[in-house]
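Work through the exercises below with the model open. Try each task before you read its solution.

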Amino acid sequence: MTTEIRAWRIDDAPALAEILNNKKIHDNLRDGLPYPYTEKDAEEYISAMLSADKNKSFAFAIICDGNVAGSVGVFRRDNIHRKTGELGYYLGENYWNKGVTTEAVKAICKLVFENSDIIRIFAEPFARNAPSCRVLEKAGFVCEGVLKCDAVKNGVVEDVKMYALLK
């Protein structure tokens with residue numbers, strides 16, 4: 001299975017909508033994404049990523065064997081954190097447990113470190129999301145700690161793990 005990352009295209013919207021209409025995926029993402037997720041939602045997201053400041057948003061489709069499999073992005077923080085980027089990702093369930101996300105995370109981190117002045121990339125998965133934590137560890141991220149009672153998802157107070165990778 002070959003994995004790569006590439007810029008989003010508007011014609012990726014149907015595949016993106018299908019991926020994000022999975023409650024198992026949605027339950028591990030931050031709030032703000034509509035559910036159900038429509039093709040119009042996908043088109044709006046893709047358009048926003050294509051027009052975003054290329055020095056602040058590094059957002060890509062994850063492609064597996066030619067198909068859209070998910071999304072990966074690093075988003076620059078601001079002010080005193082301006083050389084830090086936050087990593088986010090999700091993958092369609094058909095591609096889970098195949099090393100796809102790890103490869104995509106490695107690829108985007110390499111791209112961001114080589115093409116920007118960002119020196120630290122971090123991610124904050126829910127502590128209960130062991131597969132996501134494992135992806136980060138396999139990609140070289142270090143767990144810097146657990147943020148107790150840091151988030152609320154689906155009405156449940158959640159712990160969050162802080163992972164980081166330095167340039």
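A polar contact is a pair of N or O atoms within 3.5 Å; within protein, one atom must be able to donate a hydrogen and the other to accept it. Keep in mind that this model is predicted.

**Exercise 1. A lysine in a strand**

Task: Find where lysine 153 lies, decide whether lysine 153 is buried or exposed, and find which backbone oxygen its side chain reaches.

Solution:
- Step 1. Locate the residue. Lysine 153 belongs to strand β6, residues 142-153.
- Step 2. Check accessibility. The cut-off for buried is under 20% relative accessible area. Lysine 153 has 2%, so lysine 153 is buried.
- Step 3. Look for a polar partner. The lysine 153 side chain comes to 2.7 Å from the backbone oxygen of leucine 29. That distance is within the 3.5 Å limit of a polar contact.
- Step 4. List the neighbours. Leaving out residues up to four places away in sequence, lysine 153 touches His26, Asp27, Leu29, Arg30, Asp31, Phe126, Arg128 and Glu158.

**Exercise 2. A salt bridge between two loops**

Task: Which side chain does aspartate 117 meet in a salt bridge, and where do the two residues lie?

Solution:
- Step 1. Find the partner. Aspartate 117 pairs with lysine 83, at 3.9 Å from N to O. The cut-off for a salt bridge is 4 Å.
- Step 2. Place both ends. Aspartate 117 sits in the loop between α4 (100-115) and β5 (120-123), and lysine 83 in the loop between β3 and β4, so the bridge ties together parts 34 residues apart in sequence.
- Step 3. Check accessibility. Aspartate 117 is partly exposed at 37%. Lysine 83 is partly exposed at 36%.

**Exercise 3. Strand to strand, and within a helix**

Task: Place the salt bridge of glutamate 144 with arginine 120, then the one between arginine 134 and glutamate 137.

Solution:
- Step 1. Take the glutamate 144 pair. Its closest N and O atoms are 2.4 Å apart. Glutamate 144 is in strand β6 and arginine 120 in strand β5, so this pair ties together parts 24 residues apart in sequence. Glutamate 144 is partly exposed, at 47%.
- Step 2. Take the arginine 134 pair. The side chains of arginine 134 and glutamate 137 meet at 3.8 Å, N to O. Both residues are in helix α5 (residues 130-138), three residues apart, so about one helical turn separates them.
- Step 3. Check accessibility in the helix. Arginine 134 is partly exposed at 45%, and glutamate 137 is partly exposed at 37%.
- Step 4. Widen the view. The structure holds 16 salt bridges. Arg30, Glu86 and Glu124 are linked in a network of salt bridges.

**Exercise 4. Backbone angles in loops**

Task: Which peptide bond is cis, and where do aspartate 65 and asparagine 79 lie?

Solution:
- Step 1. Check omega. The bond from tyrosine 35 to proline 36 is cis, with omega near 0°. Proline 36 lies in the loop between α2 (23-26) and α3 (39-51).
- Step 2. Turn to aspartate 65. Its phi is near 45°, a positive value in a residue other than glycine. Aspartate 65 is in the loop between β2 (57-64) and β3 (67-76). Its relative accessibility is 45%, so aspartate 65 counts as partly exposed.
- Step 3. Turn to asparagine 79. Its phi is positive too, near 55°. Asparagine 79 lies in the loop between β3 and β4 (84-91). At 58%, asparagine 79 is exposed, because the cut-off for exposed is over 50%.

Technical notes. Residues are numbered from 1 along each chain as its sequence is written. This is a predicted model: local features need pLDDT of at least 70, side-chain atom pairs count only at pLDDT 80 or more; totals for chains, interfaces and linings use all residues. Side-chain values use heavy atoms; hydrogens and water are left out. Helices (H or I, at least four residues) and strands (E, at least two) are DSSP runs, numbered from the N terminus. Buried means under 20% relative accessible area, exposed over 50%, partly exposed in between (1.4 Å probe, protein chains only). Contact means heavy atoms within 4.5 Å.
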